[in-house]
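User: Here is the model I want to go through. Start with the contacts of one residue, please.

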Amino acid sequence: MIEKHIVLEDIDPVTFYGVNNGHLQMIKSLYPKTRIVARGNVLRVLGDEEDMAKVEEDIENMRKHVLKYNTITEEDILDIAKGQKTKADATKDVLVYSISGRPIKSRSENQQALVDAFEKDDMIFAVGPAGTGKTYLSIALAVRALKDKDIKKIILSRPAVEAGEKLGFLPGDMKDKIDPYLQPLYDALEDMIPSVKLQDMMEKHVIQIAPLAFMRGRTLSDAVVILDEAQNTTPAQIRMFLTRMGWNTKMIITGDMTQIDLPRQQKSGLKEALQILDGVEGISIVNLNQKDIVRHKLVTRIVKAYGAYDKKIASLKSNNTQNESIDKD
């Protein structure tokens, strides 16, 4: 009889063991010729060498299942023990799974274009109205790349521009003041990575979230770097950001040209960058629209109504300008 220690690395052992250790009891019953004892995230397995090889392989496959899908069921455990594919493994085109086990994948033609662009090019601009999944899908692509070990870190950034509200009065240190700007990024990450694991990754700087101003002087290598709300960058800021790109790095720049919060006289850096970089080899520009909105159905109607209003105002301004020109003549 031999003994082996199996470490449940990179996963939450509570998820692996199940409610009231239900999964662990099931695993024990599937391998009656071995003795399995759990201590924290380590399984101590005792048995004959021939039996041990099978147990070790199956437990490692179960660990990988939890790592990939953030969950495991009794049905999954049975399938793995039988050497069969689980239901989740049979599902196609999934980027990652939420912490509840929900598959996260593209849900429209343009969202799939974003996924395809990520596979093909190293810099992607994803531009579209609110609710089209630009940020969420971009973070899902980054999390998948990190889990697949294609990169070593994820870097997420946003310009700290207030949307009509002043946050300078908020108490606390610099982190406390900038966190409100970065909350949408935290929300997406918390949906895809268990909280304990996410906290550990952030403490180890595997996942970094910082305002755009903190990017100056850095070279960003072995990473997926996402700049969110890029419509609120100045031309100088976005130029600085784009030139931070290092080796084995992909950059995703997202923005919504209908929600620019810069002072009226300030030109959007994203708008300028799209004009300058259009057609440059290795750069993809993906435009999302109302058909790609995946929030409440009212969001689509709101975006459509505001779009019609903006066109009306633009038309009125154009007519007024023409009339003024005629009057001067």
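Analyst: Leaving aside neighbours within four places in sequence, Asp58 is in contact with Tyr31, Ile80 and Ala81. Contact means heavy atoms within 4.5 Å.

User: What should I know about the model and the numbering?

Analyst: The model is predicted: local features need pLDDT of at least 70, side-chain atom pairs count only at pLDDT 80 or more, and totals for chains, interfaces and linings use all residues. Residues are numbered from 1 along each chain as its sequence is written, and side-chain values use heavy atoms, with hydrogens and water left out.

User: Is Asp58 buried or exposed?

Analyst: Asp58 has 2% relative accessibility, so it counts as buried. The cut-offs are under 20% relative accessible area for buried and over 50% for exposed, with partly exposed in between (1.4 Å probe, protein chains only).

User: Where does Asp58 lie?

Analyst: In helix 3. Helices (H or I, at least four residues) and strands (E, at least two) are DSSP runs, numbered from the N terminus.

User: At what angle do helix 3 and helix 4 pack?

Analyst: About 140°, with the axes 10 Å apart. Helix 4 covers residues 74-81. That angle makes helix 3 oblique to helix 4. Under 35 degrees would be roughly parallel, over 145 roughly antiparallel, 65 to 115 roughly perpendicular, and the rest is oblique. Axes are lines fitted to C-alpha atoms, for helices over the stretch in contact, and angles run from 0 to 180 degrees between N-to-C directions.

User: Which residues meet there?

Analyst: From helix 3, Lys54, Asp58, Asn61, Met62 and His65; from helix 4, Asp76, Ile77, Ile80 and Ala81. By class, this contact of helix 3 with helix 4 has 4 nonpolar, 2 polar and 3 charged residues. Ala, Val, Leu, Ile, Met, Phe, Trp, Tyr, Cys and Pro count as nonpolar, Asp, Glu, Lys and Arg as charged, and the others, Gly among them, as polar.

User: Sheets next. What is the order of the open sheet of 3 strands?

Analyst: 1-3-2, with antiparallel pairing. Strand 1 (2-7) and strand 2 (35-39) are the edges, each pairing on one side only. The twist averages 20° from one strand to the next. Two strands pair if DSSP finds at least two bridges between them.

User: How many bridges join strand 1 to strand 3?

Analyst: 6, and these strands run antiparallel. One partner pair is Ile6 and Leu43 in strand 3. Helix 3 (residues 49-69) packs on this sheet, touching strand 1, strand 2 and strand 3. Its direction makes about 5° with that of strand 1.

User: And what order has the open sheet of 6 strands?

Analyst: 8-7-9-10-6-11, with parallel pairing. Strand 8 (207-211) and strand 11 (283-287) each have a single partner strand, so one side of each is left without a neighbour in the sheet. Neighbouring strands are turned by 15° against each other on average, direction ignored. Between strand 7 (residues 153-158) and strand 9 (residues 223-227) there are 5 bridges. Lys153 stands opposite Ala223 there.

User: What does helix 10 lie across?

Analyst: Strand 6, strand 9 and strand 10; helix 10 (residues 235-242) runs at about 155° to strand 10.

User: Last topic, backbone. What is the phi of Asn20?

Analyst: Positive, about 50°, although Asn20 is not a glycine. Most residues other than glycine have a negative phi. Asn20 sits in the loop between helix 1 (13-17) and helix 2 (22-30). At 75% relative accessibility, Asn20 counts as exposed.
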